[in-house]
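Got your viewer open and a selection tool handy? Let's walk through this one stop at a time.

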Amino acid sequence: MTEQARFAHASEAELARILDYYGVAWDYEPRTFPILWNTDGKVIESFSPDFYLPELDLYVELTTLKQSLVRRKNRKLRRLRELYPDIKIKLFYGKDFRALMLKYGRFDLAASLSGLEGQITPLSVRQPKLALTVPAVAASADGPTGAAFEAAPIVAARAPSTRSRPRVSRGSRRRRGRRAFLAARNS
Amino acid sequence: MSDVIRVAPPSADIGEVLISEEQIRLKVAELGERISADYEGRAVTLVSVLKGALPFMADLMRAMRIPVQIDLMEVSSYGGTTTESTGLVRILKDLSSSIAGKDVLIVEDIIDTGLTLNYLLRYLRGKNPNSIKICALLDKPARRLVEINIDYLGFTIPDEFVVGYGLDFGEYYRNLPFIGVLRRELYETQ
């Protein structure tokens with residue numbers, strides 16, 4: 001499942017791997033929900049949750065951006081819930097995702113998959129701070145407390161870019177695309 | 001004399017005691033009584049998931065006054081050493097005896113995302129028990145992905161990184177007699 005999808009963020013690829021691991025079926029952005037229309041009835045804003053888990057009838061949206069930047073996402077989610085009250089959706093904030101990575105011993109990913117960093121850079125490998133408080137023997141053992149983790153490859157995620165301009169979020173790209181489309185239509 | 005590696009006492013790494021030893025003792029006794037009443041006249045097979053649920057099951061079964069059998073399972077966890085080899089959950093230790101026709105009570109330490117328990121439920125249902133119920137000491141609903149009906153629950157806890165009474169961080173702190181919140185600086189990256 002993970003192999004076929006194209007993920008906008010490394011955290012999404014990681015969640016897909018977790019779901020695969022536990023045998024939970026998922027679809028990536030299978031549905032777009034219109035949430036705002038103009039006076040002509042045209043859709044001017046929509047929301048595509050990242051995952052749909054068909055066996056659980058649950059949508060999951062990952063927001064690994066900093067908390068201060070998620071206001072817009074929260075607004076869209078509120079709007080979605082107002083318009084589609086029967087839709088079950090779970091929002092994972094950055095802190096939730098980091099906690100999830102800590103739970104699975106992925107200390108490196110907890111640090112590197114957050115916010116923009118997860119979108120523009122390869123996964124960095126960082127040592128857990130735990131090494132300060134556990135015996136040295138633990139550092140040589142296999143498992144979560146072992147030596148540096150091998151960051152799993154991000155399947156089908158964006159290849160590292162050589163351009164100097166930083167990547168922008170999917171939402172920004174969509175807004176930019178919409179503005180370009182409207183400008184072209186009106187010209 | 002062999003080299004001694006100094007380790008800070010586990011309790012020194014705890015920022016806050018969330019659930020005291022006494023609170024755990026009282027709750028386990030209460031759960032044991034409830035389960036005994038519900039299964040009155042029947043035997044129950046407790047299935048515990050290694051390693052975190054061990055202390056809980058050890059105390060719980062001694063708080064029950066009905067015939068009890070126990071069995072243990074261990075499943076690989078995402079991010080562990082088996083992740084890259086198969087990409088799927090593996091049963092590291094299966095049940096020792098059949099549960100077909102038996103009343104099974106899964107004993108869990110904590111339910112977080114629900115992913116592991118969801119997998120276990122599917123697996124155990126395939127072994128045709130007479131019934132399956134769930135007993136969990138802790139429920140952390142903040143990050144729940146799979147909704148699980150918990151039949152017997154000890155405590156609902158906030159979204160904190162907790163250790164002790166079987167719960168670990170890097171395989172440590174399981175031996176703490178209470179449940180505490182791990183000091184943030186121990187696991188937060190720089």
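Start with chain A as a cartoon: you should find 6 helices and 6 strands. Keep in mind that this is a predicted model. Colour chain A from the N terminus on and the elements come up as α-β-β-β-β-β-α-β-α-α-α-α. Switch on a surface for a moment: chain A exposes about 9,700 Å², with carbon and sulfur atoms supplying 54% of that area. Of its 187 residues, 45% count as buried. As for how the chain folds back on itself, take the contacts in chain A with a separation of 6 or more: 57% of them join residues 24 or more positions apart.

Next, select the sheet. Its 4 strands lie in the order β1-β4-β5-β6 of chain A, forming an open sheet with mixed pairing. Look to the edges for β1 (27–28) and β6 (89–93) of chain A, each of which pairs on one side only. Now zoom in on β5 of chain A, residues 58–63, which pairs with β6(A) in the parallel sense over 5 bridges. For a landmark in that pairing, pick A:V60, which stands opposite A:K90 in β6(A).

Which strands does α1(A) touch as it packs on the sheet? Show the helix and you'll see β1, β4 (51–53) and β5 of chain A under it; the direction of α1(A) makes about 15° with that of β4(A). Then add α2 of chain A, residues 71–83. This helix lies across β5 and β6 of chain A and runs at about 170° to β6(A).

Stay with α1 of chain A (residues 10–21) and put A:E12 in sticks; its place is in that helix. Is A:E12 buried or exposed? A:E12 has a relative accessible area of 4%, so it counts as buried, the limit being under 20%. Follow its side chain to the backbone nitrogen of A:A8, which it reaches at 3.1 Å.

Last stop: the nonpolar interior. In soluble globular proteins, nonpolar side chains tend to be buried together. Here the largest nonpolar core has 45 residues, and those with the most contacts inside it are A:L15, A:L19, A:Y22, A:F51, B:L115 and B:L145. Centre on A:L19 and, leaving aside its neighbours within four places in sequence, pick out its contacts: A:V24, A:W26, A:F51, A:L53, B:L115 and B:L145. A second, separate core has 27 residues, including B:F56, B:M64, B:L137 and B:Y165.

Methods:
Residues numbered from 1 in each chain as written. Chains lettered and ligands numbered in written order. Predicted model: local features only at pLDDT ≥ 70, side-chain atom pairs only at ≥ 80, totals over all residues. Heavy atoms only, no water. Core = buried A, V, L, I, M, F, W, Y, C linked by side-chain atoms within 4.5 Å. Buried < 20%, exposed > 50% of the residue type's maximum accessible area, 1.4 Å probe, protein only. Contact = heavy atoms within 4.5 Å. Helix = DSSP H or I, 4+ residues; strand = E, 2+ residues; numbered from the N terminus. Polar contact = N/O pair within 3.5 Å; in protein donor to acceptor, adjacent residues only side chain to side chain. Areas by Shrake-Rupley, 256 points an atom, 1.4 Å probe, with all protein chains shown as cover. Pairing = 2+ DSSP bridges. Axes fitted to C-alpha atoms, helices over the stretch in contact; angles between N-to-C directions.
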